[in-house]
Amino acid sequence: EDLWLYSVNQLHAGAPKSWYSVPAAAADVFERAVRALVPVLFDHSPDLLYQLVTMVAPSELAASGVPVYTTVQHAGELIVT
């Protein structure tokens with residue numbers, strides 16, 4: 001998260017929100033997969049993963065061998081990231 005700190009996200013109201021995560025143990029696999037999926041972006045920004053500006057579909061990550069976990073947050077619930 002921003003500044004390498006944890007965060008607490010509360011969904012006050014509205015439709016459920018889907019969250020996707022990759023375990024820290026899979027960081028190397030994740031980085032290799034993202035580099036393979038969007039190589040042009042890394043050419044322009046080698047530190048792309050630290051900028052929190054790129055979205056990759058969870059299905060593409062999973063197809064690349066990255067373990068992806070999903071949870072759904074409902075109104076009134078907290079998610080700690």
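Here are four short exercises, with worked solutions, on a predicted model of a protein.

**Exercise 1. Fold overview**

Work out how many helices and strands the protein has, and in which pattern they follow along the sequence.

*Solution.* Start with the count: the secondary structure consists of three helices and four strands. Next, walk along the sequence, and the pattern reads β-β-α-α-α-β-β. To get a feeling for the dimensions, take the C-alpha atoms along the principal axes: they fill a box of roughly 40 × 30 × 25 Å. Finally, consider burial: of the 81 residues in the protein, 17% are buried.

**Exercise 2. The salt bridge**

Find which residue forms a salt bridge with Arg35, and decide whether each partner is buried, partly exposed or exposed.

*Solution.* A search of the whole structure turns up one salt bridge. Its partners are Arg35 and Glu31, whose closest N and O atoms are 3.0 Å apart. Now place them: both residues belong to helix 1, and they are four residues apart, about one turn of the helix. For accessibility, recall that buried means under 20% relative accessible area and exposed means over 50%, with partly exposed in between. Arg35 has 35% relative accessibility, so Arg35 counts as partly exposed. Glu31 has a relative accessible area of 28%, and therefore Glu31 is partly exposed too.

**Exercise 3. The largest pocket**

Describe the largest pocket: what is its volume, which residues are closest to its centre, and which element gives the most to its lining?

*Solution.* Begin with the volume, which is about 1,500 Å³. The lining has 35 residues, and those closest to the centre of the pocket are Tyr20, Ser21, Val22, Phe30 and Leu52. Then look at the elements: two or more lining residues come from each of strand 2 (17-21), helix 1 (27-37), helix 3 (58-63), strand 3 (69-73) and strand 4. Strand 2 gives the most, with five residues. Last, sort the lining by class, which yields 25 nonpolar, six polar and four charged residues.

**Exercise 4. A patch on the surface**

Identify which residues make the nonpolar surface patch of about 500 Å², then explain why Val80 counts as exposed.

*Solution.* The patch is made by Tyr6, Val8, Leu78 and Val80. Pick out Val80 and locate it: Val80 sits in strand 4, which covers residues 78-80. Now check its accessibility against the cut-off for exposed residues, which is over 50%. Val80 counts as exposed because its relative accessibility is 60%. Strand 4, you may remember, also appears among the elements that give two or more residues to the lining of the largest pocket.

Notes
Residues numbered from 1 in each chain as written. Predicted model: local features only at pLDDT ≥ 70, side-chain atom pairs only at ≥ 80, totals over all residues. Heavy atoms only, no water. Patch = residues over 30% accessible without salt bridge, like charges linked within 9 Å, V, L, I, M, F, W, Y side chains within 5 Å. Areas by Shrake-Rupley, 256 points an atom, 1.4 Å probe, with all protein chains shown as cover. Salt bridge = Lys/Arg side-chain N within 4 Å of Asp/Glu carboxyl O. Buried < 20%, exposed > 50% of the residue type's maximum accessible area, 1.4 Å probe, protein only. 1 Å grid on protein atoms, 1.4 Å probe; cavity = no way out; pocket = protein on both sides within 12 Å on 5 of 7 lines; lining within 4 Å. Points joined across faces, edges and corners; volume = space filled by probe spheres on them. Nonpolar A, V, L, I, M, F, W, Y, C, P; charged D, E, K, R; others polar.
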